[in-house]
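Q: I have a model open and want to talk through the fold before going further. Can we start with the overall picture?

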Amino acid sequence: MLVFYSATHQQHHPPFEIFDGGEKVPNFEVPERAERILTALRQTTWANILVPEDFGLGPILNVHDNGYIEFLRTAYTEWLQIETDAPYEKSALLPATFPPASWRHKPETLLGRAGYYMSDLSAPITAGTYLAALASANCALSGAKAIADGEKSAFALCRPPGHHAGKAGCAGYCYINNAAVAANWLSEQGKTALLDIDYHAGNGTQDIFYERADVLTISIHADPDYEYPYFCGYADEHGAGVGIGFHHNFPLPAGTDTTGYLKSLSSALQLIKSFGAKYLVISAGMDLFGGDPLGKFKVTKPGIHQIGLEITNLNVSSLICMEGGYNNAALGENIVAFLEAFQ
Ligand code: SP5
Ligand code: ZN
């Protein structure tokens, strides 16, 4: 299997995040995650690890707002240049004031724009964030090109992850929505569906494709009624305008085990079959694993392999994009268990 990995991800290492409740903790989304996965893949006989191609900004700007990407590019440099007596945290840019949806004035000031383009306190922008996010998107695009060129499957070892990043904003460790960029690119080559199995609802992907009928998007996740991202990912959200009927959410209770998970997966796969997808993009977060420090599901490693097998029963060319997963010790073996189903 072709695997796309860029060492550029190491330049993105946000020192902290702030949990709901105000607890400031070391950021869970660390470079070690991708390195663990890379090590596990190198130990397999089948992973052909390649450096991604550079696709430029074109395919990214086809799903993201221009002003937002420009903000990502320049924000940290501007942050360093601000002169103040305030005890600002300069290791990363993080605002603490966010607009409700109805306030859409974009301020000129950097912290104002930061609040405008961010929606939580877990996606700080650091010196290397923009370059790492671009490299991550290039991994997804390179994988998309590989399956368009005839590979049955490919793995994009994306880091930072992407599925919480919407058209015009970063959130939840995500800056550029790698899977959405790849799915949009693939949709120009053939009918494309996107299945998100990360533990958290794929709100960014939902935002990007919500009014589109040409890309089917489905997310299976922890019920946002008790879990991040709280405000999106409910079962009654089915798309808008011509997109009505082309988005589906499967919110699940805390404690969901492999058996419970596979029931929703079966419904999701039926929808993909009926849609008639030529290509499938999978947002593969491994935080559905029972031992995840941020998750409340009880899916096992054999369960993760089984999820992969059920997806391959569709017999659709598949691009697997790395999303979340924070049990670093188990991360490599979990994603290998998933990918082996595609071999
Ligand atoms: C890509 C991805 O998986 N992003 C997830 C972002 C989740 N951010 C919120 C984390 C909330 C943690 N809740 C506290 C649990 C402490 N044990
Ligand atoms: Zn997640």
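**Overall fold and local details**

A: Of the protein's 343 residues, 59% count as buried. Keep in mind that this is a predicted model.

Q: How many helices and strands does the protein have?
A: There are 10 helices and 10 strands.

Q: What is the radius of gyration, against that of a compact globule?
A: The protein has 19 Å, and a compact globule of 343 residues would be near 20 Å, so the two agree. Along the principal axes, the C-alpha atoms fill a box of roughly 60 × 45 × 40 Å.

Q: And what share of the contacts joins residues at least 24 apart?
A: 75%, counted among contacts between residues at least 6 apart in sequence.

Q: Surface next. How much area is exposed, and what do carbon and sulfur supply?
A: About 13,400 Å² is exposed, with carbon and sulfur atoms supplying 52% of that. As for charge, the protein carries 21 positive and 36 negative charges, and their mean positions lie 4 Å apart.

Q: Now the inside. Which residues touch the most other members of the largest nonpolar core?
A: F155, L195 and F338, in a core of 107 residues. Helix 5, residues 129-148, gives the largest share of this core, with 10 residues.

Q: What does F155 touch, sequence neighbours aside?
A: Beyond four places in sequence, F155 touches M1, L2, V3, F4, I37, L41, I320, M322, I335 and L339.

Q: M322 is on that list. Where does M322 lie?
A: In strand 10, residues 317-322. M322 has 1% relative accessibility, so it counts as buried, the cut-off being under 20%. Its contacts beyond four places include R33, A156, C158, P161, A284 and L331. M286 is another contact of M322; the two are 36 residues apart in sequence and 8.3 Å apart C-alpha to C-alpha.

Q: L195 came up too. Which residues does I218 contact?
A: L195 is one of them, along with L194, D196, H248, F250, A268, L271 and I272, leaving aside neighbours within four places. I218 sits in strand 7, residues 215-222, and is buried at 1% relative accessible area. The C-alpha atoms of I218 and L269 are separated by 9.3 Å, with their positions 51 residues apart along the chain.

Q: What about S264, buried or exposed?
A: Buried, with a relative accessible area of 11%. S264 belongs to helix 8, residues 258-275, and touches I220, F250 and L252 beyond four places in sequence.

Q: Why is helix 6 largely enclosed?
A: Because 10 of its 10 residues, 178-187, are buried. Among them are N178, N184, W185 and S187.

Q: Switching to the backbone. Where are the cis peptide bonds at P160 and P229?
A: The bond from R159 to P160 is cis with omega near 0°, and P160 is in the loop between strand 5 and helix 6. The bond from Y228 to P229 is cis with omega near 10°. P229 falls in the loop between strand 7 and strand 8.

Q: What is the phi of Y230?
A: Positive, about 60°, although Y230 is not a glycine. Y230 lies in the loop between strand 7 and strand 8 and is partly exposed, at 29% relative accessible area.

Q: And N315, what is its phi?
A: N315 also has a positive phi of about 60° without being a glycine. N315 is in the loop between helix 9 and strand 10, and at 56% relative accessibility it counts as exposed.

Definitions and conventions: Residues numbered from 1 in each chain as written. Chains lettered and ligands numbered in written order. Predicted model: local features only at pLDDT ≥ 70, side-chain atom pairs only at ≥ 80, totals over all residues. Heavy atoms only, no water. Core = buried A, V, L, I, M, F, W, Y, C linked by side-chain atoms within 4.5 Å. Buried < 20%, exposed > 50% of the residue type's maximum accessible area, 1.4 Å probe, protein only. Helix = DSSP H or I, 4+ residues; strand = E, 2+ residues; numbered from the N terminus. Contact = heavy atoms within 4.5 Å. Rg over C-alpha atoms; globule rule 2.2 N^0.38 Å. Areas by Shrake-Rupley, 256 points an atom, 1.4 Å probe, with all protein chains shown as cover. Lys, Arg positive; Asp, Glu negative; His and termini not counted. Charge placed at Lys NZ, Arg CZ, Asp CG, Glu CD.
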